[in-house]
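Biologist: Could you bring up the model and go through a few local details with me?
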Amino acid sequence: MTRTVHLSLDINTRRHELDVEPRVMLLDALREQLGLTGTKKGCDQGQCGACTVHVDGKRVLACLTLAAQVEGRNITTIEGLVAGNGDLHPVQAAFLEHDAFQCGYCTPGQIMSAVACIREGRAGSDEEIREYMAGNLCRCGAYNHIVAAVREAAEMA
Ligand code: FES
Ligand code: FES
């Protein structure tokens, strides 16, 4: 018989109750059990950044984080960035304005990293942005536009 644990996860200011096997990663719990498919699965082994979310305001890779590890913490996914009135987060708006994506698969992870980059004061120059965002890969090569979007959002913050 498969053992499960009951978890209460606070995601995007809403509490979710779920039963999962102890080995289930946060990424799979988000996507497969909670329907929060904005967080993407790329490599599933910590190499691409597509699964980036925030836990207590810090970015983490959801594919390397057990769901059971984040009980009692505040989790934010890309779905949680939009304001209550439907307005896009300034970083989302900057990505749109700068065409900072092509296929869009890496974009939620890029945006979650960018929000953390700006919040942590690591967006002072293009070099600094590139360094902080180095773990977020983009197969479409939209890097220059991504950096431009982060720079503008940082300037407006
Ligand atoms: S899916 Fe998590 S780092 Fe690639
Ligand atoms: S926009 Fe396609 S992978 Fe980044």
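Biologist: Which backbone oxygen does the side chain of Thr65 reach?
Modeller: Bearing in mind that this is a predicted model, the side chain of Thr65 comes to 2.8 Å from the backbone oxygen of Leu61.

Biologist: And where does Thr65 lie, between which strands?
Modeller: Thr65 is in the loop that runs between strand E4 (58-61) and strand E5 (74-76).

Biologist: Is Thr65 buried or exposed, and why?
Modeller: Thr65 counts as buried because its relative accessibility is 11%, and the cut-off for that class is under 20%. Leaving aside residues up to four places away in sequence, Thr65 touches Met25, Leu26, Val60 and Val70.

Biologist: Switching to E1, which strands does E1 pair with, E2 first?
Modeller: E1 and strand E2 (residues 14-20) pair in the antiparallel sense over seven bridges, with Leu18 of E2 as the bridge partner of Leu7. On the E5 side, two bridges join E1 to E5 and the strands run parallel, while Asp10 stands opposite Asn74 in E5.

Biologist: What about the hairpin of E1 and E2?
Modeller: Two residues sit between the strands there, and Asn12 takes a positive phi near 55 degrees.

Biologist: How enclosed is strand E1, and why?
Modeller: Strand E1 (residues 5-11) is largely enclosed by the rest of the structure, because five of its seven residues are buried.

Biologist: Rings next: how many aromatic pairs does the structure hold?
Modeller: The structure holds zero aromatic pairs, but there is a charge over a ring, since Arg59 lies over the face of Tyr132 at 3.8 Å from the ring centre.

Methods: Residues numbered from 1 in each chain as written. Chains lettered and ligands numbered in written order. Predicted model: local features only at pLDDT ≥ 70, side-chain atom pairs only at ≥ 80, totals over all residues. Heavy atoms only, no water. Helix = DSSP H or I, 4+ residues; strand = E, 2+ residues; numbered from the N terminus. Buried < 20%, exposed > 50% of the residue type's maximum accessible area, 1.4 Å probe, protein only. Polar contact = N/O pair within 3.5 Å; in protein donor to acceptor, adjacent residues only side chain to side chain. Contact = heavy atoms within 4.5 Å. Phe/Tyr/Trp six-rings, centres within 6.5 Å; stacked < 30°, edge-to-face > 60°. Lys NZ or Arg CZ within 6 Å of the ring centre and 35° of its normal. Pairing = 2+ DSSP bridges.
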